[in-house]
Amino acid sequence: SDDTPAKKRLKAAEERMREAKIKLENAKRKQALDDQEVALKELKAAKEELEEILRQLREEELERMLAQLEARYRKMLELQIQVYKTTIGMDNRPDEERGRDFEVEGVKLSKREKAIIDECDKAIMVLKEEGSAVAFTEAGELMREDMEQIVKQLERTNVSVVTQGLDLEVIKALEEMIAALQKAQKELQASGGGGGGGGGQPEDQPLVDKIAELKMIRSMQERILLRTQRYGKLLTGEGVDATT
C-alpha cells in the first residue's frame, strides 16, 4: 500500500530533492556560491537516500515475488506427486480391470494434470513480466511441454513407465526450481539491504543471480538429453527406464 514506511520515506526524500533543486536554481540566479554548495550537498544527500529507498523497495518486491513463486511451485509439486502415484497405481492393475471405468479414470487424471499446467502458466507469466530470470522462464516452458505430454498420455490411458518417467522429470524440475528460489530468498535476506552488491540502479537487481541461471541452463540441457534418449529407445523398441 501507499502508506508503508518505505513509501512514506520515498515521498519525503523526493520532496527534499525538489526543494534542493529549487534552492540550487535560486542560488544560481543570485550567483550565491555558498548557497549553491549547500544546495548541492542537500541534493546529493537526497539523491543517495532516494536510491537507498528504491533499493529497499526493489528488495521487498523481489522477496514477495520469490515467496509467491515458491508457494506456487510447491503446490504444483504436491499435485504432480499425486498424479504420479495415481499413475503407478493404475499401471499395477491387471488387464481384466482395465475397462471403460479405467479409461474414464485416465481422462480424469489428465484433467488433474491440466490443472497443474494452469498453475505453471501463471508462474511463467510472472517470470516473463519480471524479465530478469530468462533461464527460469525457459525451464518453466520446458517443464510445461512435459506436462502437455503427460496429458496426452493420460487421455489415451497410457500409464506405463513412459508416462511415469515424464512425471518424474516434472517432479525433479519442480524440486530444482523450489531449491533455487529458496536459495535466492536466503541470499536476498543475507544481503542486508546492500542492493545486491551491484552498484547499479536499484531496478537492475535481478530476481536470481547469474550462477543460479547457469545451473538452471545446465539442468535444462540434461533434461533435454534424457528426453532425446528416451524417445530414441522408444523408436528402437528398447525398454524405457522410468527413472530417466
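The following legends describe close-up views of a predicted model.

**Figure 1. Overall make-up of the predicted protein chain****.** The protein chain contains six helices and zero strands (DSSP runs, with H or I of at least four residues for helices and E of at least two for strands, numbered from the N terminus). From the N terminus on, its elements follow the order α-α-α-α-α-α. Of the 244 residues in the protein chain, 38% are buried (under 20% relative accessible area, with exposed meaning over 50% and partly exposed in between; 1.4 Å probe, protein chains only). The chain exposes about 14,200 Å², and 53% of this area is supplied by carbon and sulfur atoms (Shrake-Rupley method with a 1.4 Å probe; for residues, only the protein chains shown count as cover). Among contacts in the protein chain with a separation of 6 or more, 77% join residues 24 or more positions apart (contact means heavy atoms within 4.5 Å). Residues are numbered from 1 along each chain as its sequence is written, and side-chain values use heavy atoms, with hydrogens and water left out. In this predicted model, local features need pLDDT of at least 70 and side-chain atom pairs count only at pLDDT 80 or more, while totals for chains, interfaces and linings use all residues.

**Figure 2. The largest nonpolar core and a second core apart from it****.** The largest nonpolar core comprises 38 residues (a core is a set of buried Ala, Val, Leu, Ile, Met, Phe, Trp, Tyr and Cys residues joined through side-chain atoms within 4.5 Å). Leu69, Tyr73, Met76, Met143, Met147 and Leu174 have the most contacts inside it. Two or more residues are given to this core by each of helix H2 (33–91), helix H3 (100–130), helix H4 (134–155) and helix H5 (161–190). The greatest contribution, eleven residues, comes from H5. Apart from this core lies another of eleven residues, including Ala20, Leu24, Ala39 and Leu57.

**Figure 3. Surroundings of Leu174 and Leu181****.** With residues up to four places away in sequence not counted, Leu174 touches Tyr73, Met76, Leu77, Gln80 and Met143. Leu181 belongs to helix H5 and is buried, at a relative accessible area of 1%. On the same basis of counting, Leu181 touches Leu66, Leu69, Glu70 and Tyr73. The C-alpha atoms of Leu181 and Glu63 are 9.9 Å apart in space, although these residues are 118 residues apart in sequence.

**Figure 4. The crossing of H2 and H3****.** The axes of the two helices, H2 and H3, come within 10 Å and cross at roughly 165 degrees (axes are lines fitted to C-alpha atoms, for helices over the stretch in contact, with angles from 0 to 180 degrees between N-to-C directions). H2 is therefore roughly antiparallel to H3 (angles over 145 degrees; under 35 is roughly parallel, 65 to 115 roughly perpendicular and the rest oblique). Their crossing is left-handed (the near helix is turned anticlockwise from the far one by less than a right angle; clockwise is right-handed).

**Figure 5. Thr87 in helix H2 and Arg98 in the loop between H2 and H3****.** Thr87 is buried, with a relative accessible area of 0%. Neighbours within four places in sequence aside, Thr87 contacts Leu109, Leu154, Val159, Thr163, Gln164 and Asp167. Arg98 is partly exposed, with a relative accessible area of 29%. Outside its neighbours within four places in sequence, Arg98 is in contact with Met90, Asp91, Asn92, Arg93 and Val159. A C-alpha separation of 9.5 Å is found between Arg98 and Thr157, which lie 59 residues apart along the chain.
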